[in-house]
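Hi,

Here is the structure I promised to pass on. Have a look at it first, and my notes on the strands follow underneath.

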Amino acid sequence: MMNRLLLICLGLICGSINGQVNTDVYLFDLKITNGDPVLSNPKNISNNEGYDNQPSFLNDNTVLFSANREDQTDILRFNILEGSTTSWISNTPTGSEYSPLKIPGKKAVSAIRLDLDGLQRLYEYDINTGKSKLILKDLKVGYHVWYNDHILVTTVLVENRMDLVVANLKDNTNQTFQKNVGRSLWKIPNSNLISYISKENKTWEIKSLNPISRATKKITNTFKKSEDICWLNDSTIIAGTGKSIIKFDSKSGVGWEPVMYFEQEEINNISRIAINKSGNRLAFVAEESPANIVQKQLDAYNARDIEAFMDTYSKNIKLFNYPDNLFLEGQDKMKESYNSYFENTPDLHCELKKRIIIGNRVIDEEYITANGINFKAVAIYEVQNGRIIKATFLQ
């Protein structure tokens, strides 16, 4: 029974109702010093509960991103010069928009729409009116980049993978170039090439593609499994890993090296980096801090909200008694064990006494009340991708 009390009392992470990780979009001023990016003037430009992600630049002074609104995502426009001024481009109650991009030569943006019935296709949205029309009818597009005003390089969902497909809107052709690729697609500066992530081999690779000549070439390996890259210039790639920005310089031949580490608690698992055309602004996405995730789990426990409580755990959560005695594995089993306990224990309460944060681990000292019994406990949480993947309890 004590293990059960201990388990219910603590957990971590928060996502939106559909299970997405709680993320925010951060904007920085960017300078290049001795070949390295230097970021300043940070702003959380989404500052919104739920999923805010996939930033891109409409122009040098405007950021687009997918923003959470009433359990869906729509396209939000952030005016940098006017500070906190934002406006919605899309309003789709029956679906959600993802990965908005400026369409070359048009006052319009493209975005993937995921409808409530599961249909996923690429649409065009008028910047001023929000009116939409279908761009690609027969492809289930995951991610895309515009090569020019009529050629798109896309990743298309096929079975349990994504394939690299070039779509030509003039002649209505779709050509598959490679199977099993990642989500990061970029036009390489000062070139006629597109970069993409190849996942054909165990070690992922960054490759270039010329959609016209069909030539491909390996650039380098990714840093571990970090696939969210961006081009700082025509030879330097930057990427996010954990709380760090790293770079690779194809001219120097030096491998991936760290250039910046963020001490701020709220910046974790940096992803989805974008740079404006002038190269003086950078946006990226960061996950919610492990401490916030733990606190939301604790609040859900004290409210006896089983759905919110369980939403903080990964599907494959593992629970241990200190030091390494596994006593429960899997979200379904955990929910089954604790649902009735929430319902039948009206005096459940957990008071936080002390919290220590070490990287993605959170250590809580707590005072627990249940069924008229009071006791102290310590819980050690390990957070990954916005969910608790492991919890170890010491009483």
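Let me begin with a single pair of residues: Glu97 has Arg113, in strand 8, as its bridge partner. Keep in mind that this is a predicted model. The two strands involved are strand 7 and strand 8 (residues 108-115), which run antiparallel and are joined by six bridges.

That pairing belongs to an open sheet of four strands, in the order 7-8-9-10, with antiparallel pairing. Its edges are strand 7 (95-102) and strand 10 (132-136), each of which pairs on one side only. If you ignore direction, neighbouring strands in this sheet are turned by 35 degrees against each other on average.

Next, go back along the chain to strand 5 (residues 72-79). Is strand 5 largely enclosed or open? Seven of its eight residues are buried, meaning under 20% relative accessible area, so the rest of the structure largely encloses strand 5.

Strand 5 has two pairings to look at. With strand 4 (residues 62-69), strand 5 runs antiparallel, and eight bridges join the two. One pair to click on here is Asn68, whose bridge partner in strand 5 is Thr73. Strands 4 and 5 make a hairpin with two residues between them, and Glu70 in the turn has a positive phi of about 55 degrees.

The other pairing is with strand 6 (residues 86-88), again in the antiparallel sense, this time over three bridges. Here Phe78 has Thr86, in strand 6, as its bridge partner. Strand 5 and strand 6 form a hairpin too, with six residues between the strands, and Gly83 takes a positive phi near 75 degrees there.

As a reminder for reading all this, strands of a sheet pair through backbone hydrogen bonds, either parallel or antiparallel. Further along there is an example of each.

Which strand runs parallel to strand 25 (residues 313-321)? That is strand 30 (residues 387-394), joined to strand 25 by five bridges. Within this pairing, Phe320 stands opposite Thr392 in strand 30.

Strand 25 also pairs with strand 26 (residues 325-329); these two run antiparallel and are joined by four bridges. For a landmark, take Leu319, whose bridge partner in strand 26 is Leu328. Strand 25 and strand 26 form a hairpin as well, with three residues between them.

That's what I have for now. Shout if anything looks odd when you open the file.

Cheers

How values were computed:
Residues are numbered from 1 along each chain as its sequence is written. This is a predicted model: local features need pLDDT of at least 70, side-chain atom pairs count only at pLDDT 80 or more; totals for chains, interfaces and linings use all residues. Side-chain values use heavy atoms; hydrogens and water are left out. Buried means under 20% relative accessible area, exposed over 50%, partly exposed in between (1.4 Å probe, protein chains only). Two strands pair if DSSP finds at least two bridges between them. Axes are lines fitted to C-alpha atoms, for helices over the stretch in contact, and angles run from 0 to 180 degrees between N-to-C directions.
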